Structure formats: structure tokens, C-alpha cells
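Q: I am new to this structure and would enjoy a guided tour. Could you start with the overall plan and then take a close look at a single part?

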Amino acid sequence: MRAAAVLLVLLALAGCGGTVRVEPPAPQGEAAAACAKLAALLPATLDGEERGSSTPESPYVAVWGSGVIALRCGVPRPVRMAPTDQLQEVGGVGWFADPDKPALFTAVTDLAYVEVTLGGEHVAAEVLADLSKPIAQISPEA
């Protein structure tokens, strides 16, 4: 439900300039440390979109292109994700595609779940490939 609300806000604001409102997650412990590491690794430009700002400010949120792409690190495990679900592997990272929300993808790592919402004309495979590189670096082996 919360992800759906985030998606609606992002899509509503995708064409507007300025700061985008995104509800930040509140990771704890190892997840918070992994998300802090990820924040420093994220690209300034993603699929042709410049990195923007979100409100409230959070080290666990990143947006690009006035919110047409949003990342939230340290989110809870997706409710719809079953233990038997197949993850799509991109760049060594397993991604869960929510069947009810075609613009919502969640990277499954050992330390944190990383949610990505896509709007506009962005191709999921390209965006997820670019984000898989820094996300793969937050695992304990990296």
C-alpha cells in the first residue's frame, strides 16, 4: 500500500520541477549501514536523468529526473514476494518485479531490500542494470 502511494506521488510529480516528496524508509542496523554505503555509490545521472532532491531529505532515498525514477533503500520485504518466486537476475542482483505494480522493482540483497519505482518512458532493464552495479557493492563480499 505504501509503495502504491509513493508511485502515485512520483507519477503525479514527474512532470513538475522542484523537490519530489518520497516517504523515506527507516532501516536499522546492518541495513542502515548498507544503505549509507549505497548512497555514496549511486550515479549522478541515470538513464539520461539528472539526480534530483526529495523531501523529506533522507540518505535512504534517491530520485532522478524530477522523480520519474526513485530509489528507497532499506524498505521491508515486499508483501507479495513468496519464497518460491523467481527473481530476475541483473548484474548479479536479484530483482523482484511486483505483479500488481508494473513500475515497482525490489532488489533483494543479503543486507537490505532496495525498491525502485519507474515512471515515464524508462526501460526497466536498462535502469535496473545501471543500479545493479552499485547495489551489488553493498553485499558483505563486495
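How many helices and how many strands does the protein have? And for the close look, in which sense do β5 and β6 pair, and over how many bridges?

A: Happy to show you around. This is a predicted model, in which local features need pLDDT of at least 70 and side-chain atom pairs count only at pLDDT 80 or more, while totals for chains, interfaces and linings use all residues. Residues are numbered from 1 along each chain as its sequence is written, and side-chain values use heavy atoms, with hydrogens and water left out.

The overall plan has three helices and ten strands; these are DSSP runs numbered from the N terminus, with helices (H or I) of at least four residues and strands (E) of at least two. Read from the N terminus, the order of elements is α-β-α-β-β-β-β-β-β-β-β-β-α. Of the 142 residues in the protein, 45% are buried, where buried means under 20% relative accessible area, exposed means over 50%, and partly exposed is in between (1.4 Å probe, protein chains only). Among contacts with a separation of 6 or more, 57% are between residues 24 or more positions apart; a contact means heavy atoms within 4.5 Å.

Now for the close look. β5 and β6 pair in the antiparallel sense over four bridges, and strands are said to pair if DSSP finds at least two bridges between them. One of the partnerships to look for is V63 with A70 in β6. The two strands form a hairpin with four residues between them, and G65 in the turn has a positive phi of about 60°. S66, in the loop between β5 and β6, also has a positive phi, about 55°, although it is not a glycine. With 26% relative accessibility, S66 counts as partly exposed.

Strand β5 covers residues 61–64: V61 and V63 point one way, A62 and W64 point the other way, and all are buried. W64 is also a link to another region, since P43 touches R51, W64 and L131 when residues up to four places away in sequence are not counted. P43 lies in the loop between α2 and β2 (45–46). Although P43 and W64 are 21 residues apart in sequence, their C-alpha atoms are 9.5 Å apart in space. P43 itself is partly exposed, at 22% relative accessibility. Its contact L131 belongs to helix α3, where V127, L128, L131, S132, P134 and I135 are buried.

Strand β6 holds R72, which is buried with a relative accessible area of 4%. The side chain of R72 reaches the backbone oxygen of E23 at 2.5 Å. The side chains of R72 and E115 are joined by a polar contact of 2.8 Å. A polar contact is a pair of N or O atoms within 3.5 Å; within protein, one must be able to donate a hydrogen and the other to accept it, and residues adjacent in sequence count only if both atoms are side-chain atoms.

Next to R72 in the numbering comes C73, which forms a disulfide with C35, their sulfur atoms 2.1 Å apart; the cut-off for a disulfide is a pair of cysteine sulfur atoms within 2.5 Å. C35 lies in helix α2 (residues 29–41) and C73 in strand β6 (residues 69–75), so the pair ties together parts that are 38 residues apart in sequence. Both cysteines, C35 and C73, are buried. The torsion about their S-S bond is about -80°, so this disulfide is left-handed. By the cut-off used here, the count for the protein is one disulfide.

Two loop residues before β5 also deserve a glance. T55 and P56 are joined by a cis peptide bond, with omega about -10°, and P56 sits in the loop between β4 (54–55) and β5. D47, in the loop between β2 and β3 (49–50), has a positive phi near 50° and is not a glycine. The relative accessible area of D47 is 28%, so D47 is partly exposed.

To recap the close look: β5 and β6 pair in the antiparallel sense, and C73 in β6 ties that strand to C35 in helix α2.
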